[in-house]
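These are my notebook entries on what I looked up, kept in the order in which I went through the questions.

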Amino acid sequence: MPHQNTIAVILAAGKGTRMHSDKPKVLQNLLGETMLGLVAHAASSVAAQVLTVVGHGQDLVRKAHPGLAEGFVLQERQLGTGHALQMAWERVRASGASHCLVLNGDTPLVTPEAVEDLLATAQTGQDLVFLSARLPDAGAFGRVLRGPDGEVLGIVEAKDYDPERHGPDSGEVNTGLFCLSVDAIENYLFALTDANRAGELYITDLVALCVEAGLSVHALRREDAGSLLGINSPLELAQAEQSLRADIVARLLASGCLIHQPESVVVGPFAVVEPGAELTGPCRILGASTIARGARVEAFCQLTDAVLEPGAWVREFSHLESARLATGAIAGPYARLRPGAELMEGARVGNFVEMKKSVLGPGAKASHLTYLGDADIGARANIGAGTITCNYDGTNKHKTEIGAGAFIGSNTALVAPVRVGQGAVVGAGSVITKDVPDGALGIARGRQSNLPGHGKKP
């Protein structure tokens with residue numbers, strides 16, 4: 001549960017030039033989720049309120065994350081991490097929170113557990129706590145400076161680090177995750193200067209200022225904290241994505257999921273796969289998808305925000321987005337279910353069937369080569385090959401209703417709005433523009449004429 005006395009600030013204003021992308025770095029994604037979305041999830045799991053400092057590409061960030069927009073704080077000029085926190089501080093103060101978490105928007109592997117540990121340490125009476133890690137190659141990360149007794153003295157950014165002045169490199173680095181006492185830190189936050197090579201206000205300089213003032217400062221070193229460092233390049237993004245994918249799949253296997261070729265299975269961080277569900281790689285389960293116990297997903301499928309109830313089966317090469325399969329329903333192979341598609345108990349769609357905003361009733365089937373858009377199809381109805389619902393007149397969408405037990409012959413066009421009644425039959429090749437009553441036969445096609453002597457000669 002989020003702590004009511006805690007607020008989080010996510011620093012997400014940077015451009016990320018090393019990503020070589022036109023979109024803001026925090027909108028790069030891992031397993032279908034943006035870096036910012038993953039960081040915000042960790043922050044909101046611990047803090048009652050989340051602020052996000054935006055700058056470069058703020059309109060793109062707002063469009064991608066409308067749910068965070070209420071907490072956006074604009075940093076018009078990117079003058080450093082300390083300056084970004086200063087921009088948000090008025091709202092931090094107004095929140096009445098006792099503790100402020102600070103996270104970088106480019107650390108997508110940060111976990112709620114790591115953030116919770118940081119806050120718990122701060123609540124023991126520390127004025128400033130930050131998460132550190134020891135790396136074999138500290139690279140471009142800020143170095144943690146310690147005294148002879150191991151006490152924290154400060155953090156020096158890599159470009160300002162000088163072994164002659166600061167001592168041998170211990171390899172301990174700052175991960176960028178801080179927890180601050182709001183009352184204790186304020187004066188020092190606004191005392192930051194830009195006396196460094198970058199000419200920026202560094203949040204890391206708070207550490208030395210607080211130490212010099214006699215405040216309680218602690219570095220919480222975690223063995224796994226190396227994975228919480230910021231992502232600055234396409235290579236680091238790919239490595240982080242692979243690490244996250246492997247962790248999720250390992251956790252699912254340990255829980256009792258059946259996963260074939262697990263090295264090629266991708267499951268997003270917010271997807272739910274229940275023990276007893278069965279996945280075959282390569283496949284991708286993304287977004288808020290839920291795969292229930294006993295449901296199966298075969299190879300070369302992608303599911304995004306889809307729901308499979310127990311016993312549902314998605315066959316090879318199918319694509320589902322915001323669709324639902326009830327118990328015993330089958331989709332595919334080569335099925336495309338777009339948002340609003342729903343297969344009820346025992347319903348089936350086969351190869352090259354596309355559904356959008358349509359319901360296929362219990363036991364109904366559309367086995368092949370069909371488009372069903374804005375349609376409500378009753379139980380046990382049979383949709384023949386080549387059937388299309390003509391739902392769009394160029395301006396508006398219209399609904400097609402097909403009653404229980406109806407039979408739609410092959411190569412039929414149903415021009416909406418139109419209703420085919422219960423138990424009705426539509427002849428193959430028809431273009432239906434008027435309602436077909438219950439139990440009636442509807443046929444709308446030209447009469448066949450055979451003209452002797454007009455064929456090819458043997």
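In which strand does His 99 lie? I was working with a predicted model, and there I found His 99 in strand 6, which covers residues 99-104.

I then asked whether His 99 is buried or exposed. Its relative accessibility is 11%, and because buried means under 20%, I entered His 99 as buried. Leaving out residues up to four places away in sequence, I listed the contacts of His 99, which include Asn 5, Thr 6 and Ile 7, then Leu 119, Ala 122 and Gln 123, and also Cys 179, Leu 180, Ser 181 and Val 182.

**Val 115**

My next entry concerns Val 115, which I located in helix 4, residues 112-122. The relative accessible area of Val 115 is 0%, so I put this residue down as buried. With residues up to four places away in sequence again set aside, Val 115 touches Ala 42, Val 46, Leu 101, Leu 103, Val 110 and Leu 177. I also looked up the separation of Val 115 from Val 102: the two are 13 residues apart in sequence, and their C-alpha atoms lie 9.7 Å apart in space.

**Helix 6 and helix 7**

How do the axes of helix 6 and helix 7 cross? For helix 6 (residues 182-189) and helix 7 (residues 205-212) I noted axes that come within 10 Å and cross at roughly 105°. Helix 6 is therefore roughly perpendicular to helix 7. By class, I counted 6 nonpolar residues in this contact, with no polar and no charged ones. From helix 6 the residues that take part are Ile 185, Tyr 188 and Leu 189, and they meet Leu 206, Leu 209 and Cys 210 of helix 7.

**The cavity**

I looked for cavities of 30 Å³ or more and the count came to 1. The largest cavity holds about 40 Å³ of space, and its lining consists of Asn 104, Thr 107, Val 110, Thr 175, Gly 176, Leu 177 and Leu 228. Strand 10 (residues 172-181) provides the largest share of this lining, 3 residues. I sorted the lining of the largest cavity into 3 nonpolar and 4 polar residues, with no charged ones. Two names recur from my entry on Val 115, since Val 110 and Leu 177 are among the contacts of that residue and also line the largest cavity.

**The pockets**

How much space lies in the largest pocket? I recorded about 1,200 Å³ for it, with 40 lining residues, of which Lys 25, Thr 81, Asn 104, Asp 106 and Asn 232 are the closest to its centre. Strand 1 (3-12), helix 3 (81-95), strand 6 and strand 10 each give at least two residues to the lining of the largest pocket, and strand 10 has the largest share with 4 residues. The lining of the largest pocket divides by class into 16 nonpolar, 17 polar and 7 charged residues.

For the second largest pocket I wrote down about 490 Å³ of space. Leu 109, Val 110, Thr 111, Pro 112 and Leu 244 are the closest to its centre among the 20 residues that line it. Helix 1 (35-44), helix 4 and helix 8 (234-255) are the elements that give two or more residues to this lining, and helix 8 gives the most, with 5 residues. My last entry is the class count for the lining of the second largest pocket, which is 11 nonpolar, 4 polar and 5 charged.

Definitions and conventions:
Residues numbered from 1 in each chain as written. Predicted model: local features only at pLDDT ≥ 70, side-chain atom pairs only at ≥ 80, totals over all residues. Heavy atoms only, no water. Buried < 20%, exposed > 50% of the residue type's maximum accessible area, 1.4 Å probe, protein only. Contact = heavy atoms within 4.5 Å. Axes fitted to C-alpha atoms, helices over the stretch in contact; angles between N-to-C directions. Parallel < 35°, antiparallel > 145°, perpendicular 65-115°, else oblique. Nonpolar A, V, L, I, M, F, W, Y, C, P; charged D, E, K, R; others polar. 1 Å grid on protein atoms, 1.4 Å probe; cavity = no way out; pocket = protein on both sides within 12 Å on 5 of 7 lines; lining within 4 Å. Points joined across faces, edges and corners; volume = space filled by probe spheres on them.
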